[in-house]
Structures are given as C-alpha cells and as structure tokens.
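User: I'm new to reading structures and would like a close look at one part of this one. Could you take me through chain B, piece by piece, and show how the pieces connect?

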There are 2 protein chains.
Amino acid sequence: MLHSAEQLHTFTRLFFEKTGCSSDDAATIADVFIAAELRGIGSHGLIRISDHYKLWKAGRLNTSPQIKITRDTPSTAVVDGDNAPGMLPAVFCMNIAIEKAKACGTGWVSCNNSNHFGIAGYYAMMALEHDMIGICLTNANPLVAPTFSVSRLLGTNPIAVAVPAGSQPPFVADFATTPIARGKLEVFVKKGEETLFGYVQNKDGEPTNDPDILRKGGAMLPLGGDREHGSHKGYCLGAVVDIFSAMLSGAGFGPFVPPSVAYLPLPPEGNGVGTGHFFGAMRIDAFREKEEFKAAMDCWIETFRNAKSTQGQPQVLIPGDIEREHELISKEKGIQLIPAVIGELNEIAGETGIEMRL
Amino acid sequence: MLHSAEQLHTFTRLFFEKTGCSSDDAATIADVFIAAELRGIGSHGLIRISDHYKLWKAGRLNTSPQIKITRDTPSTAVVDGDNAPGMLPAVFCMNIAIEKAKACGTGWVSCNNSNHFGIAGYYAMMALEHDMIGICLTNANPLVAPTFSVSRLLGTNPIAVAVPAGSQPPFVADFATTPIARGKLEVFVKKGEETLFGYVQNKDGEPTNDPDILRKGGAMLPLGGDREHGSHKGYCLGAVVDIFSAMLSGAGFGPFVPPSVAYLPLPPEGNGVGTGHFFGAMRIDAFREKEEFKAAMDCWIETFRNAKSTQGQPQVLIPGDIEREHELISKEKGIQLIPAVIGELNEIAGETGIEMRL
C-alpha cells in the first residue's frame, strides 16, 4: 500500500505532538522520518515510531527538552540533548556547526544525552545548501564485537559525509561501519535463509552464518568481517565514531550506549550520559573558490561514473545515487510501508487519540 | 642485520642532504622514515629511499621547496607543497592545524602539490603532545577499483586518527581503506602463494586470488572486498579521503594522483596538482575538561582491552598497541632491514658520495 510523503509526514507529526512535542519539534522529527522513507531506508523510517512510543511510555524520552550548548569555542561546541528524541538535538547541533563554519571556516559539535536520531545522512546533507561539506557520526547501542572480542562493544556506528557539486547531484555517503545493516539480518531470519560468512559471530566469537545469532549471544562483525579481510580497520572506524561522539561530549560510550528500544534495560550509570553524536561543517570557500570546487567535484563524479563497469553493472555508482533515485520515484509514486507497520501505526493512532488512519 | 634508530636516522638525513635538502628538512624527513621503521611499518621505511632517489634524479622532486599557505580562515588553510618530499609539507600543515586549534578549537588543512609522505600516523600523532586529537588523510596513486568498477580509480587512501589518553597509552589508528596493504600482495608473490579472495580483482573486474594481478591489469579492492561484504563502504571511505585531500586543495584526484615511483609516467595535466593530503587537529579542551576526557579515554581503553577475547587471542587490541610494542623492542634491540635494502642503500651512498655505509 502506497502513501504520499505528505500523508506520512502529517501522521508522524501528529504522533509526536501527542507525545508532548511542540508543533515545530514534531515537524522537525517528521522531516527526518520521511527523508528516511523517501530515500529508501525504511529501517530508519516509520517502522521505528513504535519504538519511540514505547520509550516515551516508559518515561525514557523527554519530549519537552531544553537542548543547550554547555561549552564552546569559535569552531566547536558541546551540546546537552536533554534526553530528547535524537532528531531534535541533531538538527540543533548541525545548525550550530553550520553557523560556526560561516564565522570561522569549520564547525564541530559533539552531543551527549541524546537518543536514536534516524538517518545520519539527513544532518550531513543540511550543510549542502550552505555550500559546505557536512559530516555526521553517531554511536549506537552495542551489537558489534571488535576484532578478537567475544563481547559486543560497539554499535553499527555510521558515518555520513555530504559534499556539494555543481551540475552533478551531491556526493552523499551514509553507511554503517559493519558489512551489512542489522535490519538485513532480520530479512534473512524471516526468509529462513543462512547469511554469508563475515557478517556475524557466535557467542564464543566463532564465525557463523546464522542470521539469528544476535538472539543467541552472538555479535555483528566490523566492516572487513574477519582479521584477514581487515576487520581491525572496521573496528578502528567504529571506535573513532564512538570516541568523537561520546568521549568528546561525555555521552555513554561503547557498551554503555542506551538501547533505542524499551524492552532492553538502560545501561548502568557512571559511563556517560545517553547516546552521543558528532557533527561537522566545512565551508567550501574556506579552502577553495566555490565555483572552482564545484567544477572539480563535477569532474570527479563524471570520472568515476563513466569509468568502465564490471559485467552486468550498468555503471559505477556515486555514493548517494541509489537513495536519490529512490527519492525521485517515491515522491512521484508514493512510499511503500509494510502492512504490519501500517497496522501498528493505526493501533498507536487509536491509543494516542490521533484521528488520522493510514 | 640490526641497525640502531640513530644510525638509520643519520643515513637518511645524509641522503636527503645529498639531494639538496637543508639540514633541518633532511632531519625532518628522516624522523618520519625512522618512525615507520620503529613502528614496524617497514613498507614505508628505508625501502622507499630508492624511490625518492629515482624521483629526484628524474627531476620529479623539489628538495628546496617554498611551502606556503595559499588561503586560510581562522580554522582552515590550504597549503602548496611545492612538489617537496611529502614529509615536509605534511609537517608544515600539521603544525598549522595545531596552531589554528590553539586559537579557535580546531584546525583543518588541505594540501596540494605534495608527494608520498610516509606513514600518516606520524602526523596525526604530532597532535598528542598538545592534548589534541590528530587526524591525517592522504590520497595515493590509483590501485583500487571502486565497487562495480573495472578500472583503478583510487589509492589505498589511508586514515590516521590519534587520541590522547591519561595513564593509558594513546589510541592511534592508522590504516589503509583496503583489506590489506599493497606490500602484503608482494609477500604472497614472493612466497609463490595465492591470496584469499576479497583482496584483488582481475582486469575484467572478476574475483581472483592471484597476488600478482596488479601487473596483469587487475586492481585492489576497497575494504569490505565485495559488494555483499560492504565494499561500497570501503569505496565511500577512499572517496572521502580523496575529496578532502584533493578537491579541497586542488591536488590531483583519483586516477590522476602522481605515482610515487619514477618508472611510472606522470598523469596528464589539468586534473589537479600533485598528491593531496588532509590534516586535522581538535583541542580536547575545546570540548571537555582535559583531565575528564583523559580519564574517560582510560576507561574506554580498559573496557575494550579487558573484554573477553576470542580463543587463542590473549586480549582485545587497542589501535596502536602493536606498533607501540614494536617501537619499544626496536629501540632496545635495533631495526631489522632486509639485506637487499641494505645493499641498495649502500649503493646509493656510493653514488651520492655519502661516506657512511650500513
């Protein structure tokens, strides 16, 4: 069943208003949810409203937050997210990064006391209209075992980088520092299929192809998969994301990042506060004439896109191509939600007194 | 055969003086070479002096450069490396990043017209004594085929991040954005062994385990190996390194980065100038009280190091552990050079009139 972006935006906004968010805040959160749906990243879309609802009911989300800067310099800031839905501190932080970049070339903001913020790419892309490169990192609840570790110590800690171009669409990379997203493991489970090796390990740290292994004490592997294929590099990346997001801000780190679902307990206190994020904005003309940079980026993109592609692949992809294509189609034809998600959302609508149904 | 760090430092310094470097510049370059040897990264050590010698003889290295800032803002700069050996612009740039971070919290420098600079970790680590996080990226001559590309469009484009701690040694990540280093392919060739799959592809973009495939028109693969294991994420990383290093500075990008060996031709003009690097420094106390940060990093490191390790592994490693261990041992026992390298260096000594022999 297809819904328009406007329809889903309204529903999401109404839901967050019902949880106590201001109209403006609810609209901001809805923007991020709908961007995820439009860009084809349904795993970070409306399927997660139920998690937010349960966290809110459990008193674990603050929907009338006082988000504030707690420390800053000309090019940096630390922000206290006041336990808000992560989209609110994230937009706040990225705007600060952009303002700082306007004033002194770049801006860098580390955020504590936040929560799951949806797709990292959304915030990185906020920099584009200002002719800046945008960067966004976040830690996440622990699912990943570093190289040689039996335990889950890191989240899938994504990295997003958005770079403006000229006549070409922007370069937008947004990826977890694991070989595949957690959501893809669920797809294997539902299909009753085994995974490839290199995605997960069992509770003893041994290779396995069981997609359901997270429920059996197993862990996801860092990008690279095993040591021979460079998993220590994926571990380094996830660690750097964790350090920039949590060590610079005082957020919960590694195994102490709070879960984004209410059925898992909060981590023990004393290891930082909430989920951590890190944002960056670099003004293009702090480095190079804007038009010169954009022409060079166009050339970069064309060089890569027009390189000879492997058999069966129409072309070499530029990061962001797939999501942009998906967005064009979804805007025209609508967004496909899973029937179970629609049912869940309509139930939540009933419970919270939203009159709209999907 | 073992040599002391001092002995190899002197030799390297004398060699670069013979090529026309000032005493100070030659000593700076030698510092980076010896750091590579001490840290066990011999692939970036004295084995490369011969390449520098040949590039210099071919008139492709400028040993009396005028390295200068061509543009800057309070938190950024662009530097023209004047075609110097890469270590000189790199140290120059990292010092600027550190000075800018002192003044406004962070400093970010993109460098064009440079050359191979040795180990990226050296420059990232320069930030540590200033209680800053150091970052260093560089592009490199094209050996890597992005996901779905037949052609080599990116270098092994490394990422280095150094983070100070308190009583624990610093966190130092320094890794190529490929599963293995190019040098390791050579080891397989010399041993007459096949590689694992996931490292390289053949000239048609098909998987292969032939370590000698680069000489047959093949390419290295990005971190992740194949699309199913996230090679598009490794491609994103290599691309971001290239964009920050070359697009922000105007250096040669992707397939147009000049080779670090004289037997390969220079790329066609008009696609940027020389090799590009990117440097960052973030002052810890621009984000958080220094002592608080360092205590938190100690806790991070201890948490990871003391996590349960997989069978046969004594512990979970912290990035930088292996190199630091190697440095301790090499400082005490000496540095092991390959006999062929010693022969090569003594030959160069003879040709250039260095009186010292190794």
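Analyst: Here is a walk through chain B, from its helices to the side that touches its partner.

One thing to keep in mind from the start: this is a predicted model.

Let's begin with a pair of helices. Two packed helices are described by the angle between their axes and the distance between the axes. In chain B, helix H1 covers residues 5-18 and helix H2 covers residues 23-38; the two pack at an angle of about 140°, and their axes are 8 Å apart. That angle makes H1(B) oblique to H2(B). The crossing of this pair is right-handed.

Who does the touching? From H1(B) come B:Ala5, B:Leu8, B:His9, B:Thr12, B:Arg13, B:Phe16 and B:Glu17. The residues on the H2(B) side include B:Ser23, B:Ala27, B:Ile29, B:Phe33 and B:Leu38. Sorted by class, the contact of H1(B) with H2(B) has 10 nonpolar, three polar and four charged residues.

Now zoom in on one residue of that second helix. B:Ala35 sits in helix H2 of chain B. Is B:Ala35 buried or exposed? With 21 C-beta neighbours inside 10 Å, B:Ala35 counts as buried; the cut-off for that word is 20 or more. If you skip its neighbours within four places in sequence, B:Ala35 is in contact with B:Ile119 and B:Tyr122. As for B:Leu143, it is 108 residues from B:Ala35 in sequence and 25 Å from it in space, C-alpha to C-alpha.

Two names from the H1(B)–H2(B) contact come up again when you look at another helix. B:Lys331 has its place in helix H9 of chain B, residues 321-333. Leaving out neighbours within four places in sequence, B:Lys331 is in contact with B:Ala5 and B:Leu38. Remember that B:Ala5 belongs to the H1(B) side and B:Leu38 to the H2(B) side of the helix pair. B:Lys331 is exposed, with 12 other C-beta atoms within 10 Å; a residue gets that label at 12 or fewer. The C-alpha atoms of B:Lys331 and B:Phe293 are 30 Å apart, and 38 residues separate them in sequence.

There's another helix pair to look at. Helix H3 (residues 49-57) and helix H10 (residues 339-352) of chain B have axes that come within 10 Å and cross at roughly 35°. H3(B) passes H10(B) in a left-handed crossing, whereas H1(B) and H2(B) cross in a right-handed way. B:Ile49, B:Ser50 and B:Tyr53 of H3(B) make this contact with B:Glu344, B:Leu345 and B:Ile348 of H10(B). By class, these residues are four nonpolar, one polar and one charged.

Let's move on to a strand. B:Val79 is found in strand E3 of chain B. B:Val79 counts as buried, with 25 C-beta neighbours inside 10 Å. Its C-alpha is 4.7 Å from that of B:Cys111, even though the two residues are 32 apart along the chain. Beyond four places in sequence, the residues in contact with B:Val79 include B:Ile67, B:Ile69, B:Phe92, B:Val109 and B:Cys111.

Next comes a loop with a backbone detail to notice. B:Asp131 is in the loop between helix H5 (120-125) and strand E5 (132-138) of chain B. Its phi is near 55°, a positive value in a residue other than glycine. B:Asp131 is partly exposed, with 15 other C-beta atoms within 10 Å. On chain A, A:Asp131 also has a positive phi, of about 55°.

That brings us to how the chains fit together. Chain B can be laid on chain A with an RMSD of 0.0 Å by a turn of 180° and a shift of 0.0 Å along the axis. The two copies are thus related as by a two-fold rotation axis. Which residue of chain B comes closest to the rotation axis? That's B:Gly224, at 2.3 Å (C-alpha).

Finally, the touching side itself: 64 residues of chain B are in contact with 64 residues of chain A. Among the elements that each supply at least two residues of this side of chain B are strand E3 (76-80), strand E4 (106-114), helix H7 (231-247) and helix H8 (290-305). The residues of this side divide into 37 nonpolar, 22 polar and five charged. And 100% of the interface residues of chain B are also interface residues in chain A, so the copies meet through the same surface.

Methods
Residues numbered from 1 in each chain as written. Chains lettered and ligands numbered in written order. Predicted model: local features only at pLDDT ≥ 70, side-chain atom pairs only at ≥ 80, totals over all residues. Least-squares fit on C-alpha atoms with pLDDT ≥ 70 in both. Contact = placed C-beta atoms within 7 Å. Axes fitted to C-alpha atoms, helices over the stretch in contact; angles between N-to-C directions. Helix = DSSP H or I, 4+ residues; strand = E, 2+ residues; numbered from the N terminus. Parallel < 35°, antiparallel > 145°, perpendicular 65-115°, else oblique. Left-handed = near helix turned anticlockwise from the far one by under 90°. Nonpolar A, V, L, I, M, F, W, Y, C, P; charged D, E, K, R; others polar.
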